[in-house]
Structure formats: C-alpha cells, structure tokens
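Work through the exercises below with the sequence and the coordinates open. Each task is followed by a solution in steps.

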Amino acid sequence: MQFHHHGYVSGDPRVLPAAGTGIDRPAELPDEMDVLIVGSGPAGMLLAAQLSRYPDVTTRIIERRDGRLVLGQADGIQPRSVETFDAFGFAERIVAEAYNIGWMNFWGPDPENVDNIIRTVRTEDYAFQISEYPHLIVNQARVLDYFAEAAAHGPARIVPDYGVEFVGLTVRDDHVEVRVRYTAGPRVGEERTVRATYVAGCDGARSGVREAIGRKHIGGISAHAWGVMDVLVNTDFPDWRTKCAINAEAGNILLIPREGGYLCRVYVDLGAVAEDDDHQVRSTPIEAIIAKANDILHPYSLDVKQVAWYSVYEVGHRVTDKFDDVDVDADHAPRVFLTGDACHTHSAKAGQGMNVSMQDGFNLGWKLGSVLTGRSPESLLRTYSAERQPVAQQLIDFDREWSSLMARKPEEIDDPKELATFYLGTAEFPSGFMTQYGPSMIEGSSGHQDLATGFPLGMRFKSAEVVRVGDGNVIHLGHHAKADGRWRIYAFADESRSSLNQWAAWVPSLISRYTPAEGDVDAVFDVKVVYQDPFEDVDLGEVPAVFLPKTGPLGLTDWEKVYASTQSTRATPSIFDERGLSRDGVVVVVRPDQYVAAVLPLTARGELAEFFAGCLLPV
C-alpha cells in the first residue's frame, strides 16, 4: 500500500483526502447531479465506491430503506469477487471474517438402505486450484458495509441517501428527470424531481428503473420450489461445517456453512409445483421446511435452535432484453443503465447473483467516470450493455443446468459422481474467470496474442508473482492494481532491453497526450516494467525514467513500478514462462476493471497510439 506521496500521513491511509465534490458534500439530495444510483445492493454500492475515486463527478445513491441492510440473502463470494475486493482495499479483512470453502462433499442414497444417506464423494474446492483467491461465504450485508466504507473514504465521500425511493423517470436529450419520494425522516411522503446526467438502476428484480425505460425480463419460472433457511442447530450430521450437495429419496439439499462457525444456510428441495399453484408454495411455513430437511437427512437429524432468516422461491431464469435505454442502432449514447437483479435473475444455488452483479457495477463505474471527466468519448458507454448482457445469458445457461442437476431424483442419476464431476469441471465459470469480452473500442487486435498466450484478450488479467526490484519482495503483479480508474500498461522487457529502452523513450509522448497538465504523470496510465533478469541483476540507475516517475506535490519517486521475473536466491517461477510471454518483449494493456485490452510487441508503438486514440480523448 502506497501513501505519504502527498505528504506525511499519520492517520488511516485507507481514508483518502476529500477532494472536489467530497469537500463540503451537501447532506441533502441536490437538484442536479452527474450520476444517480438507484438502489444500494452489491452493484450499486460497488458503483458508488468506484465513482468515489472521481471527485469531479457528483454522484448520489438513493435507497428506500431507512438504513443499512441488516440481513442479506446472498452469501457466496467467488474468487473473482475476492480479487475485486482486493482492488478496493478490503480483501484481507473480509477474508478474515468469512467462511472459507475448502471442500465440497456429495451425499446420496445408501444402496443397502435407500431411506438413508451416505457420503459418496469428497472433493477439494476449486478455488485454490485455479486462483490465489479463496471461495468464501459471508453475509451480503457485510459486503455492502465494506463497499460503503470504500465509498465514504474515497475523495468524493459518497454515502447513501437512505429513505428515498425511485418513482419514475423521463429521458431528455442531455439529462434524465427522476421523480423520487421520501420514505423516512421529516419529509416522509414528499415527492420531488431531480436531474441527473446518467442513471444506474441497481434496484433489484422488481426494478422500477427497468420498467420506466420499457425494458423486459425475458424468461420464466420453473415448476420447482426450494425453501432456504439460515439456522443455528445441533445435529449429528457429520458434515454440518462442510459444503454439501445431498441427493436423497426424499429430496435434495444444498448445505452451505456460514461465517462465524455455527450458522448454516440450507437449501431444501420442496419438489415440483403444480400448474395451478399460483405461487402458494411461497407461503410454506418454516416448520414444513425443517421437517422436509430432516426427511432428506435421514438417518441424521437437525434440532433447530434459531432461524435467522428463511424464504421460499421458485427457480426463475430471466435476462433483460438490453441493459440500457437505447436500441442497438441508435445514434446516441445511453443515459440509463441496468445492473444486477434488475437485468438478470436466476437461482441462488450457483452462488452467482451477488458476484455477477458486482462485476456489472465494476464494468460500468470506470466508464461513467471516464466519460464524465472528459477522458473518454460518450460512445464508451455503449460498451456496457454489449459486454455485460452476453455474460448474463451465459450465467442463466449455466445456472439452468446446475439447478436441473441439483433437483434430480436418485433414479434419474446414472453416475453418483456426476454432480461432483460437473462442479469441478465447470469451476472456472462460477469462479468468475471465464468472462471474455468481445471486440470493441476498448479491445485491440488479436493479431499479436501469441506474444502473451497467458493473457487472453478480453479476459481478466491473471496475476502472477514477480519480484519488486526496489526492495526484493515477491508480490503478485496484478494485486498492485487498485480500483482507481487508471489504465495499466505492463512492459515486459526483451532480453537485450534494447526494444524496451526505445519504447520507454517514446511512451512519455503518449502519456502526455492524455494526461492533464495539472495531474500527476501517472494519473491516467500506471506504467510498469518487468525484466526477464533476476532482480539482483537489475540496476535501478539504468532503468528508464518513465518507470521511476516523480509524483505528488513533493515530486517523490515512485519505486514500485519496476519488477524482475525471478530472484536467484529463491525458486520463483518466471512470469514469462507462467503466462507464455515472448522473450522478445511484449506490452500488455489492462483496463481499469482488470480486463486485458491489448497485446502488442514493444516495437508496435503506432498500434498502441492508435488503440488509445480510439477510446481516450486528448487533453
């Protein structure tokens, strides 16, 4: 973590100095703003945390509740989300309080007595097989707390306007008129109209924003119901603190231990729903759900001491027809955007809802910030729906298959290990690592992909260990990238360094084209170098100046942009080998939301300039 470059810091370095709109921020919702976020769920709070790093942008977030969420329904945190938490500065703290999924066990009918269940498969969870980040369980309310802290501690000092609900909107040529109503406080019941340049609908499955712009949820509800409960129990079931999929003659259970060492979430199969049920299954009492769980777990039993929360739902799979307010062939950029459950809904059992919603917010946040600060053209905003809608459809397809497998009867299963095989074989998708964005103004040509085979275009930058030359510490290169809205340019040196040195002499002209005169030299681009040599053989005195920039009002040298691939005293694998990087050198460009945007030779300076000319505006 870097600080002090703007002067000595004696307090918490996570609390950044207030700037711009964060100075004397009005307590009351203003009449006009740049961005209005509707809803303080995972997508909305991440969006607020991201936009808090843009203090020149006026952002407000309204929430109809009168305060923070106390008990969230979502709880599964996939490795890509933990990576995102790292970018926002709180991964270590939330990991410490979460339940870490180390194993997933599978249970089925005992062949000798089908009324009983037995453990059929033990599987190590997929997280550490494919990532350095864990697979966690933690209450959604705590996730929102951490993003709220990041938003409040960012330069723009964004905090939710609680007790304000969305009523409707009208899109004008250059702004959106939004009608809101106070649901709490001295102005309860009062309605007013505010103006926003852009609106983000993060207001859940029954989204008023979605309805207001005429977008439709496409899909339906399956004829199958599940009860879900968070419970504190005493039980003789031996795997109570291990994630389990249980398939029995009496039905199915997905068991997910919760944080804290005692609480567990239990998804209980309530069976098929009659065509004329008219959602009556949703009124199933908790006593019936507990009784059903005990039938499934036989010969084991649950003695429920407390129910923290429960609900009944029918599995639904829906994707909205578009994630913004303009048609594909429109000649203008969108002004209203949909995120999270407002544009995709599905079952909870695949642990995707909160995770995919947060990536919606991450994708949209830096784009809004870039456009509103004049870094990028407004056309950048058209890439949001184009990128996120296909991801949502992939999620629905995956969840439909997983839900169907989970709901099968024992006689429909030929191989008792099939569910475990599917769970492990598809691990990279639910982990969040299979997302790959298609060609656009923020993705370069694939003609040089062979120079960096481990960094596929359109996919998230998969970190690897390197050695920081300044102090010899081994760190993950990608972990240094924070959610600060900057583009990352990684220059991987050629063996002779001659191409690198020529590139380093040229790149300041590119940087200056897009960096405001009053800003730090790395305000827009975070440029780093990785040498092939052991760190002991890299002389900082010979490193080009662009990799040792002087920043802040004191002009202090940044020593954390120069890396080596190995160190001779430790068996550190080379990032060049791990990620298939050309020994002739390569440049990898990474977007502010950590996705690879371009792969180019060090000699392709014109192509690099052309790429940024397509997505950034010169100062």
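**Exercise 1. Two hairpins**

How many residues lie between strand 14 and strand 15 in their hairpin, and which residue in the turn has a positive phi?

Solution. The model is a predicted one.
Step 1: six residues separate strand 14 from strand 15 in the hairpin.
Step 2: the turn residue with a positive phi is G260, at about 100 degrees.
Step 3: strand 15 covers residues 264-272, and five bridges join it to strand 14 in an antiparallel arrangement. Within this pairing, I256 stands opposite R265.
Step 4: on the other side of the comparison is strand 13, residues 243-248, which pairs with strand 14 in the antiparallel sense over five bridges. Here A248 stands opposite G251. Strand 13 and strand 14 also form a hairpin, with two residues between them.

**Exercise 2. Burial of strand 14**

Determine which residues of strand 14 are buried on each face.

Solution.
Step 1: strand 14 spans residues 251-257, and seven of its seven residues are buried. The cut-off for buried is under 20% relative accessible area.
Step 2: in a regular strand, side chains alternate between the two faces of the sheet.
Step 3: assign the residues accordingly. One side holds G251, I253, L255 and P257, and the other holds N252, L254 and I256.
Step 4: both faces of strand 14 are therefore covered, as the residues on either side are all buried.

**Exercise 3. A helix pair**

Classify the packing of helix 1 against helix 5 by angle, handedness and residue type.

Solution.
Step 1: two packed helices are described by the angle and the distance between their axes.
Step 2: the axes of helix 1 (residues 42-51) and helix 5 (residues 140-153) come within 8 Å and cross at roughly 20 degrees.
Step 3: angles under 35 degrees count as roughly parallel, so helix 1 and helix 5 are roughly parallel to each other. Their crossing is left-handed.
Step 4: list the contact. Helix 1 contributes P42, M45, L46, A48 and A49, while helix 5 contributes Q140, L144, F147, A148, A150 and A151. These residues divide into ten nonpolar, one polar and no charged.

**Exercise 4. A three-stranded sheet**

What is the strand order of the open sheet of three strands, and which strands are at its edges?

Solution.
Step 1: the order is 3-7-4, with antiparallel pairing.
Step 2: strand 3 (76-77) and strand 4 (99-100) are the edge strands, each pairing on one side only.
Step 3: strand 4 pairs with strand 7 (residues 136-137) over two bridges in the antiparallel sense. The bridge partner of Y99 in strand 7 is I137.

Definitions and conventions: Residues are numbered from 1 along each chain as its sequence is written. This is a predicted model: local features need pLDDT of at least 70, side-chain atom pairs count only at pLDDT 80 or more; totals for chains, interfaces and linings use all residues. Side-chain values use heavy atoms; hydrogens and water are left out. Axes are lines fitted to C-alpha atoms, for helices over the stretch in contact, and angles run from 0 to 180 degrees between N-to-C directions. Helices (H or I, at least four residues) and strands (E, at least two) are DSSP runs, numbered from the N terminus. Angles under 35 degrees count as roughly parallel, over 145 as roughly antiparallel, 65 to 115 as roughly perpendicular and the rest as oblique. A crossing is left-handed if the near helix is turned anticlockwise from the far one by less than a right angle, and right-handed if clockwise. Contact means heavy atoms within 4.5 Å. Ala, Val, Leu, Ile, Met, Phe, Trp, Tyr, Cys and Pro count as nonpolar, Asp, Glu, Lys and Arg as charged, and the others, Gly among them, as polar. Two strands pair if DSSP finds at least two bridges between them. Buried means under 20% relative accessible area, exposed over 50%, partly exposed in between (1.4 Å probe, protein chains only).
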